[in-house]
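Thanks, everyone, for making the time this morning. Please have a look at the sequence and the structure on the screen before I start talking.

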Amino acid sequence: MNDSRIIVALDYAESAKALEFLDQIDATSCRIKVGKELFCRSGPEFVRQLVKRGFDVFLDLKFHDIPNTVAQACGAAADLGVWMINVHALGGLKMMEAARKALPASAASPLLIAVTILTSLNDEDIQSVGLSGSIAQNVRRLATLASQAGMDGIVCSAHELVTVRASMGKDFCLVTPGIRPAGFAPDDQQRIMTPSQATSNGADYLVIGRPITMAREPMQVLTALRSDMKAAHPVPFNAT
Ligand code: C5P
């Protein structure tokens, strides 16, 4: 069983480069995230190939459309055999409920996660699209809406973990990017947190890209991170 809380962001433009990286990785040492660029270049067949190789795939396509369209897209994503998919909570309660209904209630169904407020937006940006209140207030409101719709959890920034965990309880899955192990370059991330801090603050899964994908020995980095995080919080979400 894969009990890893690390989701490696496969931010490669070409499938060949992604596969070259994955050749160095044990499929049970992490999960992997395929985003819009790699998916648009390499397609569903590539995702099937990753699943066939034993990787748990988070298909990060952030669906946001009318309920019927999102439901059909979620069903199609689930058919690829992926482990996690996501939608935008701003698509609304009905859209999220339709997404939920599209996935059969079985252990083989992917986890269904909602994105609340993109961390690239600041208070001024959200006001300019008509949202009132602060980012923190909107994140909390959308997390509650996501839970009402039956989502398994949300993506949130490391700095929202403590308040979201406190208001949503322990059975809500929190997925967090913007993570940097101590001593690693922040790259273009603005507000970073270490894996053990984020885990102690309530994160279930950490999305980590460059510190692992650019490492000379990615398996060594993964192994060190896994043991740090296990010490911080030993029981992963849905471990059973
Ligand atoms: O290389 P790095 O660890 O910065 O990669 C982080 C991954 O998480 C990237 O795929 C990035 O797009 C994604 N992400 C993020 N911040 C968000 C949402 C997603 O860094 N708010």
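I will go through the overall fold and then the surroundings of the ligand.

Let me say at the outset that this is a predicted model, and that every value I quote is computed from it.

Starting with the protein as a whole, there are 10 helices and 8 strands. The radius of gyration is 17 Å, which is close to the 18 Å that the globule rule gives for 240 residues, so the protein is as compact as a globular protein of that length. If you prefer to think in terms of extents, the C-alpha trace spans about 45 × 35 × 35 Å along its principal axes.

Now to the ligand, which sits in the largest pocket. The residues around the ligand are Ala-9, Asp-11, Lys-33, Thr-119, Pro-177, Arg-180, Gln-189, Val-207, Ile-208, Gly-209 and Arg-210, and by class this shell comprises 4 nonpolar, 3 polar and 4 charged residues.

Which atoms of Asp-11, Gln-189 and Gly-209 approach oxygen atoms of the ligand? For Asp-11 it is a polar side-chain atom, lying 2.7 Å from a ligand oxygen, and for Gln-189 it is likewise a polar side-chain atom, at 2.9 Å from an oxygen of the ligand. Gly-209, in turn, places a backbone N or O atom 2.7 Å from an oxygen atom of the ligand. As for burial, the ligand on its own has 460 Å² of accessible area, and the protein covers 79% of that.

Technical notes: Residues numbered from 1 in each chain as written. Predicted model: local features only at pLDDT ≥ 70, side-chain atom pairs only at ≥ 80, totals over all residues. Heavy atoms only, no water. Near = heavy atom within 4 Å. Polar contact = N/O pair within 3.5 Å; in protein donor to acceptor, adjacent residues only side chain to side chain. Areas by Shrake-Rupley, 256 points an atom, 1.4 Å probe, with all protein chains shown as cover. 1 Å grid on protein atoms, 1.4 Å probe; cavity = no way out; pocket = protein on both sides within 12 Å on 5 of 7 lines; lining within 4 Å. Sits in = over half its atoms within 2 Å of the grid points. Nonpolar A, V, L, I, M, F, W, Y, C, P; charged D, E, K, R; others polar. Helix = DSSP H or I, 4+ residues; strand = E, 2+ residues; numbered from the N terminus. Rg over C-alpha atoms; globule rule 2.2 N^0.38 Å.
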